[in-house]
Amino acid sequence: MEKKNTNTKYWIFGSIAFLVLVIALVASTTYRPKSAVQTFNETYTDLGFDTPITFQATCTEAEFEKYESILKSTFVDYNKIFDQYDEYEGVNNVYTLNQEAYDHPVEVPKAMIECLDMAIRAGEMDERFDISEGKVLTLWHDAREADTPYVPKDADIQAARQHKGIAALAIDHDKNTVAFTDPNLKLDLGAIAKGYTAGVCAKRLHEAGLDNGYINAGGNVVLLGEKPDGKDWVIGIQSPDQSPSVVQFVTRRPVVMVTSGDYQRYMEVDGKRYSHIIDPTTGYPAAFMRSVTVISDADQSAWADAMSTTLFCMRVEDGMKFCEDNALQAVWITDKEQSVPGLEPDFKTPQYNIYCTPGLKDALKLTM
C-alpha cells in the first residue's frame with residue numbers, strides 16, 4: 001500500500017480508478033423517517049489503503065449507521081496491520097516485521113498470519129506473485145513519489161532482489177509469531193491486503209445482518225448479496241484511458257471483481273509509463289496489458305486480489321492457460337495494436353482488444 005503523501009496527480013487517478021457502474025435503487029428525495037428503508041451510497045477517502053472506498057446498502061438509517069461503523073473500523077484497523085511504511089502504537093504490523101523480525105520473532109495479529117498463509121499459497125502457484133520483494137517495491141515507490149519521478153538504477157534493483165525469498169519467512173501458528181531468517185528479506189502485502197480486508201469486512205457485515213449492497217475498495221468490488229429489487233447487478237470495468245467503463249459484467253448472484261491495471265498508480269519518465277505493479281521475476285513494472293480483472297465467488301476477495309496481480313505480470317496467452325489450470329475467470333484489456341499470439345479478441349473497440357475466459361463471454365457486454 002502507498003504512503004499518505006501520494007501526490008495530487010496519483011490521488012486523482014486513484015480516486016477515479018476502476019469506476020464501477022452499478023445500477024441500484026434510487027433513494028427518494030422526499031423526507032423519510034429514520035426507520036424507513038432506503039438506499040445509502042457513501043464514499044470515504046480516509047479509511048486507509050490510499051484509495052477511496054465506496055459502500056452501498058439498502059436498509060434503515062439506523063442500520064446503515066451500524067454497518068458504516070463496521071466498514072470504517074475494519075478498513076482503518078487493517079490498514080494499520082498491513083502498512084509497511086509507518087508504525088502505530090500498540091500494533092505489530094508489516095513495518096514492524098521489516099524492522100525487527102530478523103532480530104527476534106514478532107507476535108502479530110491473527111489476520112496477519114491468515115493473510116501471509118494465503119500469500120504464500122499464491123506464490124507457490126506462480127513465482128510472479130511474491131510478497132518477499134519489499135525492497136524492490138520500495139525502490140519503485142520512492143521513485144514514483146519523488147518530486148521528479150525517476151527510474152531506479154538497475155544495479156540497485158538487482159541488489160534489492162538478492163535475498164532468500166519467502167523461504168526465509170518463519171511462521172509459528174501456535175504463537176502467532178513471524179521471524180525472518182534472512183536480514184535482506186522485506187515484505188510487501190500490497191498485492192493481497194486490500195482484498196483480504198474487503199473480504200473480512202464483507203463477512204462482518206453479513207454477520208451484522210446486511211445481505212445486499214457492495215463494497216468498492218479502489219477496484220476491489222465485493223457484492224454483498226443480490227439486489228433488493230431482484231434485478232441484475234451491472235458492473236463496469238473501466239476504460240484504461242477514460243473514466244467510463246469499456247465493458248460491463250452482468251450478474252444476478254453476488255461475486256467479487258478485482259482489477260489490476262497500469263492506470264491506477266503510475267509515473268511517466270521520458271514519455272514512458274511505468275505501472276506500480278512490479279514483476280518480481282524482473283524487478284521492473286509489468287507491461288503486458290492495460291488491465292486484468294478477476295471475477296470469482298463473493299467470499300474469494302483476497303484470492304482474487306492475489307490472482308489479478310499474478311495475471312497482470314504474465315502475458316495474456318499465459319494467463320489464459322493459468323486460468324484454465326486453476327479454475328479462474330478473468331477479463332484482459334490491451335491496447336488495439338498489442339496483439340496476443342494465438343488468440344483472437346472476444347470484443348473489440350476502436351482503442352482496445354478485450355479477451356476473456358470462456359465462462360465469462362455471455363455475461364459481458366461492450367459499452368463503448
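**Exercise 1. Find the residue in β15 that stands opposite V255, then describe how β10 and β15 pair.**

Step 1. V255 faces D297, which sits in β15. Keep in mind as you look that this is a predicted model.

Step 2. Now zoom out to the two strands: β10 and β15 are joined by 7 bridges and pair in the antiparallel sense.

Step 3. Try the other neighbour of β10. β7 also pairs with β10 in the antiparallel sense, here over 3 bridges. In that pairing, N220 stands opposite V258 of β10.

A bit of background helps here: strands of a sheet pair through backbone hydrogen bonds, and they can do so parallel or antiparallel.

**Exercise 2. Work out how many residues of β10 are buried, and on which faces.**

Step 1. Count them along the strand: 7 of the 7 residues of β10 are buried.

Step 2. Sort them by side. One face carries V255, M257, T259 and G261, the other carries V256, V258 and S260, and both faces are covered.

**Exercise 3. Place β10 in its sheet and name the edge strands.**

Step 1. Write down the order. The sheet is open and has 9 strands, β1-β2-β6-β7-β10-β15-β16-β18-β17, with antiparallel pairing.

Step 2. Check the ends: β1 (38–44) and β17 (347–348) are the edge strands, and each of them pairs on one side only.

Step 3. Look at what β1 pairs with. Strand β2 (residues 53–59) runs antiparallel to β1, and 7 bridges join them. One matching pair to spot is N41 opposite Q56 in β2.

Step 4. Add the helices. α7 packs on this sheet and touches β2, β6 (214–217) and β7 (220–223), with its direction at about 160° to that of β6. α8 packs on the sheet too, touching β7, β10 (255–261), β15 and β16 (329–335), and its direction makes about 30° with that of β10.

**Exercise 4. Describe how helices α7 and α8 pack against each other.**

Step 1. What do you need? Two packed helices are described by the angle and the distance between their axes.

Step 2. Fill in the values: the axes of α7 (residues 193–207) and α8 (residues 301–312) come within 7 Å and cross at roughly 160°.

Step 3. Interpret the angle. Anything over 145 degrees counts as roughly antiparallel, so α7 is roughly antiparallel to α8. The crossing is right-handed.

Step 4. List who touches whom. α7 brings A193, K194, G195, Y196, A198 and G199, while α8 brings S301, A302 and D305. Sorted by class, this contact has 4 nonpolar, 3 polar and 2 charged residues.

**Exercise 5. Decide whether S291 is buried or exposed, and find what surrounds it.**

Step 1. Locate S291: it belongs to strand β15 (residues 291–297).

Step 2. Its relative accessible area is 0%. Buried means under 20%, so S291 is buried.

Step 3. Leave aside neighbours within four places in sequence. S291 then contacts T259, S260, G261, Y263, F312, V331, W332 and I333.

**Exercise 6. Take the sheet with the order β3-β5-β4 and say why β3 and β4 are its edges.**

Step 1. This open sheet has 3 strands and antiparallel pairing.

Step 2. β3 (106–107) and β4 (169–172) each have a single partner strand, so one side of each has no neighbour in the sheet.

Step 3. Follow β3 to its partner: 2 bridges join it to the antiparallel strand β5 (residues 177–180). E107 has T177 of β5 as its bridge partner.

Step 4. Finish with the helix. α4 (residues 110–125) packs on the sheet and touches β4 and β5, and its direction makes about 135° with that of β4.

Definitions and conventions: Residues are numbered from 1 along each chain as its sequence is written. This is a predicted model: local features need pLDDT of at least 70, side-chain atom pairs count only at pLDDT 80 or more; totals for chains, interfaces and linings use all residues. Side-chain values use heavy atoms; hydrogens and water are left out. Two strands pair if DSSP finds at least two bridges between them. Helices (H or I, at least four residues) and strands (E, at least two) are DSSP runs, numbered from the N terminus. Contact means heavy atoms within 4.5 Å. Axes are lines fitted to C-alpha atoms, for helices over the stretch in contact, and angles run from 0 to 180 degrees between N-to-C directions. Angles under 35 degrees count as roughly parallel, over 145 as roughly antiparallel, 65 to 115 as roughly perpendicular and the rest as oblique. A crossing is left-handed if the near helix is turned anticlockwise from the far one by less than a right angle, and right-handed if clockwise. Ala, Val, Leu, Ile, Met, Phe, Trp, Tyr, Cys and Pro count as nonpolar, Asp, Glu, Lys and Arg as charged, and the others, Gly among them, as polar. Buried means under 20% relative accessible area, exposed over 50%, partly exposed in between (1.4 Å probe, protein chains only).
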